[in-house]
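Reader: I am new to this structure. Please show it to me, and then I will ask about its parts.

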Amino acid sequence: MIFARLRALLGPAAVDRDPDNVPRVTPASTDAIALVCRLACDEGWKIRVEGLASWLPPDAPADLALSTRALDEIVSVSPADLVATVQAGAPLDAIRRRLAEHGMWLAMDPPGRPDRTLGSVIATGTSGPLRHGFGPVRDQILGCTVVTGDGRIVKPGARVVKNVAGYDLTKLHVGGFGAFGILTEAHLRLRALPRADVTLVSRGSRDALSAAARDLLEARIAPAALELASPELAAESEWILAARFLGVDAAVQADVRRLPTETDAVWEQLPADRTAGFWALLARGSLGGPITFRLGVLADGLDDALDLLAHDLDAGLIAAGAASGTLRWTGEAPVERLRAVRRAAAAREIPMTLERAPWSVRRALGHFGAYREGLGHLVDRLRDTFDPKQSLRVALEGSEKSEK
Amino acid sequence: MRPALLDALSAIVGPRWVRHRKAELTTYAMDGLPTHESLPGAVVMPANRTEVVAVVRLLQLLQVPFVARGAGTGLSGGAVAGPETVLLTLTRMNRILRVDPAARRAVIQPGVVNARLSEAIAPLGLQYVPDPSSQAACTVGGNVAENAGGPHCLKYGVTTNHIVELEVVLPDASVVRLGSPQGDPWGPDLVGLFVGSEGMFGIATEITVRLEPIPAAVRTLLADFPSVRSASEAVSAIIASGVVPAALEMMDQACVQAVEASIYAAGYPTDAAAVLLAEVDGTPEQVEAEAALVEGVLRSHGARDVRSASSAADRARLWQGRKKAFGAMGRIAPNLAVQDAVVPRSALPDILDRIGEIRRRHGLSISNVFHAGDGNLHPNISFDRRDPALADRVREASKEIMAACVAAGGSITGEHGVGNDKMGYMPWIFDAETLGAMQAVRRVFDPDERCNPGKMLPVRSCREWRATPAVREAAL
């Protein structure tokens, strides 16, 4: 019945069934998504949103799946304004290629496949190593178009790099896991391609490398990325610390020369043709297990947080920005263990965000778990505002609210 | 204001910190914008969070609207309060509570003056980057409310990029902590939502900011151009070169002449059609390389002369001229309508031509001083508001300038906020549905709409958001 109604609404080409026989729509416009949401809201149907189905896995129970794959257009690129407008289903590597043609670049290197959709990066708020130099995903998004759970179209922000008109509703959708609507389009902040791009790697014990990272920061060397990776993630026998420098050539060379004198570590400069592959390997590593979460960790809390993970979980694929505030773990663990980590993290005032997991884990833990005191009420009411009938299947909060 | 309310406020903060006589209230009738004026019902000055909570709880009980205010340097009428409204001035809450140099964080009260924070942490080699021109007076609490910018935001981002955690007193007097020192939220990004909400979601009573190292080297270049167009094109070329200057500021001839005739004279060439102030910072090698690149671009785009600040004092002087430009215009006429609009950078030359045309047609004195790198314009109209016909022309010209910027794909404000000054322009850039969403979000934080009422959202233009689901529930 749902299948037929959707076909009547969007035409047969835009509706098929997913491998579990759930009706799946692949609308080609924001308006079409709004129609689906309005209908689903009226009928009380639950919608599961997916891009490539890698970050929001396709196992959430729903009456219909909504794929953003047909929304893959790079709508416009304005190099002189350093702004691009891109639809949510566009793959990141395609965006990157198109921008490079204009000498432009997007300062985002999220974990996952190179063809991850822009929508999934924004919805999960997953930033990568470049967060160190350029800030998290939220800092790269200037505005967006969102369809709410009841089919309204909202367009906060603008196609300019500086703007304070109206409330910054865009922020709610970055890392909101789709709880406040389905993102269909975003305005992105671009940068000119850096003239030099050099990566150096150091190998050693975890503690020695995190000390080297601290020394480097202390010496006011400012890499664009400074990432610590576990042996399992880097596919090496030891931990590695990778520093990436971007900018004008003379400045990058000067930083590279200072590295060995300011830290005790031994550094190896990667050949230019291996740099992109190295970072892509670290990014893809985050898909090496069924569960990925991130902890918000400051430079001086990094060792402690790594100890916490080592204590509560089996070795996992770990990537940590040495000063960017993000520690990411990928692996396999039962819900109880993850809950223990979250409890231990909360006791240290460390927020934990479940970025990717099977539905059973997401439902039990929630993407954010329990919030701080007083926030649950606000988040619930925001959710009611943007999705009054809870049409969008999202587990922001875990099914048990007993934790902090 | 009812005497009972005044007594109750006095009981909370002490009679010394409640103002209600007309002469006392006059100080609070305006913010930095001379075009909007209103006396608040009373002014209360809490000393700490406990007093803020007690005041907000009292106002909740009596259903009295309120406005939070810092130094009152805002430029959108955002901190102006009506006669039935209580103004909470937070300037007594001016303590820097903690500084953590290793984590590069500081925890401060909202009344801390922007420049004082940077002064206090300078011995640690750290700075708080957002630097609005009013930084010597404005408070960080006000910066948070308005999502303030400043010249150095081109490279480092505006206020929202530097705030990681907030303690907020909501309009129902409950206290919540949003965000975390790490910068990752506990749940959705409510810090990002709160910053720039123009005081309509609650009162921030504690602010955790991100600090940045003071760059080892800085170079400030002054270039003068024979035309505004060539200066604008130089700006685009610098951005396209891959160098992100720390700041890239432009002043047109009218502005330069006003500055040079004032006590803030900075040695700008008064015969130039436009001057550009470009600053690069970082390691010494970076500054050397980037300055050479920028200078090359400036010269190849027609700069008559490019000079580099020779000393720290010289650099400070160059910047003083820019930062005090608004003050310098005080010599031209008693009042200044400071405008704030954004256009895509590539539209700068055309929009400046258009502003020139509007100026001539209305016979006004307009000078332009702006953050060229961001496309953030400040066309400033000097006038005397005692002349009502002139004031009308100023209003009309402002409106035309704003319309031109919006038509070019821009926004109605880049850093000053909407307040009550630009409320009427909101429907120019947002549809009724989006305005409705904003109104609905506001009600999540402030269901009674008592927190800075009558600002930002032109209520009649907002599509109603509650009706639809409610009607559906009823139909079921």
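Reader: Which residues on the other side of α3(A) are exposed?

Author: First, the ground rules: this is a predicted model, where local features need pLDDT of at least 70, side-chain atom pairs count only at pLDDT 80 or more, and totals for chains, interfaces and linings use all residues. Residues are numbered from 1 along each chain as its sequence is written, while chains are lettered from A and ligands numbered from 1 in the order in which they are written. Exposed means 12 or fewer other C-beta atoms within 10 Å of a residue's own, buried means 20 or more, and partly exposed lies in between, with C-beta atoms placed from the backbone. On that side of α3(A), the exposed residues are A:R97, A:A100 and A:E101.

Reader: Why do the buried residues of α3(A) line one face of the helix?

Author: Helices here are DSSP runs of H or I with at least four residues, strands are runs of E with at least two, and both are numbered from the N terminus. Helix α3 of chain A covers residues 92-101, and its buried residues are A:L92, A:I95 and A:L99. An α-helix has 3.6 residues a turn, so residues three or four places apart point the same way. Seen down the axis of α3(A), with directions taken from the axis to the C-beta atoms, the buried residues line one face because they fall within an arc of 60°.

Reader: What do the buried residues of α3(A) pack against?

Author: Contact means that C-beta atoms, placed from the backbone, lie within 7 Å. By that test, the partners in chain A are β5 (74-78), β6 (83-87), β7 (104-105) and α4 (118-124).

Reader: Which strands stand at the edges of the open sheet of eight strands?

Author: Strands pair if DSSP finds at least two bridges between them. The order in chain A is β15-β12-β14-β13-β17-β18-β16-β19, with antiparallel pairing. Each edge strand has a single partner, so one side of it is left without a neighbour in the sheet. Those strands are β15 (268-269) and β19 (352-356).

Reader: How many of the residues of β17(A) are buried?

Author: Look at both ways the strand's residues point. A:L317, A:A319 and A:G321 point one way, A:I318 and A:A320 the other, and all are buried. The strand is therefore largely enclosed by the rest of the structure, and the count is five of the five.

Reader: Which residue in β18(A) is the bridge partner of A:L317?

Author: Strands β17 (317-321) and β18 (326-331) of chain A pair in the antiparallel sense over four bridges. At another point, A:A320 stands opposite A:L327. For A:L317, the partner is A:T330.

Reader: Where does A:A53 lie?

Author: Most residues other than glycine have a negative phi. A:A53 has a positive phi near 65°. A:A53 is partly exposed, with 18 other C-beta atoms within 10 Å. Its place is the loop between β3 (47-50) and β4 (64-67) of chain A.

Reader: Which element gives the most to the side of chain A that touches chain B?

Author: Here, 65 residues of chain A are in contact with 74 residues of chain B. On that side of chain A, β9 (153-154), α6 (170-173), α9 (249-262) and α14 (375-386) each give two or more residues. The one that gives the most, with six residues, is α14(A).

Definitions and conventions
Contact = placed C-beta atoms within 7 Å.
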